[in-house]
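Visitor: Could you take me through one part of this model up close? I'd like to know what it's built from and what packs against it.

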Amino acid sequence: MTKKAVVLLADGAEEMEFTIAVDVLRRAKVEVLVAGVKLKNATFAECSRGVKIVPDVEFEHQGQSWKPADYDAIIIPGGMQGALTLRDDKDVQKMISLFYESQKIVAFICAGTLVAKSSGIPKGHKLTSYPSVKDQLKDDYEYLEERVVVDQNIVTSRGPGTAFLFALTLVEQLVGKQVADTLKGEMLTAQTL
């Protein structure tokens with residue numbers, strides 16, 4: 001059975017964190033749906049470095065299912081502006097909460113980890129983020145300086161430099177270590193990410 005993931009994309013998202021996650025998951029044969037959230041331009045998201053990315057669907061699109069039963073994971077990239085848009089969106093918060101409660105993978109990288117807090121991910125979980133948002137998380141969570149942290153169904157990572165390890169960890173969680181190891185070889189990744 002094909003695994004499915006939804007990646008939320010807002011203006012100001014960090015290009016590498018978004019693109020590497022989507023690309024590596026698709027290489028692993030995970031069906032990825034990119035949903036644009038509150039985009040200023042209806043046809044694309046303008047990311048933090050000016051790269052324009054066209055989502056597959058608008059998050060607000062009527063008739064699109066966002067039920068946890070239809071997906072295996074939800075992924076939130078970083079980039080401060082994009083993270084703040086997602087953090088403040090009540091529908092995104094509800095969706096993250098439902099995925100978490102349904103034991104689906106909820107994954108956050110960089111400033112995207114702020115969305116975990118606003119979505120009501122219970123206090124006490126182990127997580128990490130970009131250093132600049134650490135102070136907003138450390139009092140509620142067990143904050144670690146690791147490159148990637150997996151705690152139950154929550155996966156978090158630090159920033160652009162950890163994006164490949166983050167993506168490969170998601171592959172391992174969704175489709176297994178063998179697939180992740182195969183991709184590491186095919187993509188010529190370093191032994192130590």
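Guide: What follows is a close look at the sheet, with a word on the whole chain before it and the helices after it.

A bit of housekeeping: this is a predicted model, where local features need pLDDT of at least 70 and side-chain atom pairs count only at pLDDT 80 or more, while totals for chains, interfaces and linings use all residues. Numbering runs from 1 along each chain as its sequence is written, and side-chain values use heavy atoms, with hydrogens and water left out.

The chain has 6 helices and 11 strands, which are DSSP runs numbered from the N terminus (helices are H or I, at least four residues; strands are E, at least two). Its radius of gyration is 15 Å, close to the 16 Å from the globule rule for 193 residues, so the chain is as compact as a globular protein of that length. That radius is taken over C-alpha atoms, and the rule is 2.2 Å times the number of residues to the power 0.38. Of the 193 residues, 53% count as buried, meaning under 20% relative accessible area with a 1.4 Å probe and protein chains only (exposed is over 50%, partly exposed in between).

Now the sheet. It is open, with 7 strands in the order 5-2-1-6-7-11-10 and mixed pairing; two strands pair if DSSP finds at least two bridges between them. Strand 5 (57-58) and strand 10 (148-151) sit at the edges with a single partner strand each, so one side of each has no neighbour in the sheet. Helix 1 (residues 15-27) packs on the sheet, touching strand 1 (4-9), strand 2 (31-36), strand 6 and strand 7; contact here means heavy atoms within 4.5 Å. The direction of helix 1 makes about 155 degrees with that of strand 2, where axes are lines fitted to C-alpha atoms (for helices, over the stretch in contact) and angles run from 0 to 180 degrees between N-to-C directions.

Strand 1 and strand 2 run parallel, joined by 6 bridges, and Ala5 stands opposite Val32 in strand 2. Strand 1 is mostly covered, with 5 of its 6 residues buried. Strand 6 (residues 73-76) and strand 7 (residues 105-109) are also parallel, over 4 bridges, and Ile76 has Phe108 in strand 7 as its bridge partner.

Then there's helix 5 (residues 163-175), which lies across strand 6, strand 7, strand 10 and strand 11 (154-157), at about 175 degrees to strand 7. Its 13 residues should span 18 Å at 1.5 Å a residue, and its end C-alpha atoms are indeed 18 Å apart; the expected span is 1.5 Å times one less than the number of residues. Buried residues of helix 5 include Phe166, Leu170 and Leu174. Their cover includes helix 1, helix 6 (177-186) and strands 6, 7, 10 and 11. Just past helix 5, Gly176 takes a positive phi of about 115 degrees.

Helix 3 (residues 90-101) has its ends 16 Å apart, which agrees with the 16 Å expected for 12 residues. Its buried residues, among them Val92, Ile96 and Phe99, pack against several elements, including strand 1, strand 6, strand 7 and strand 11.
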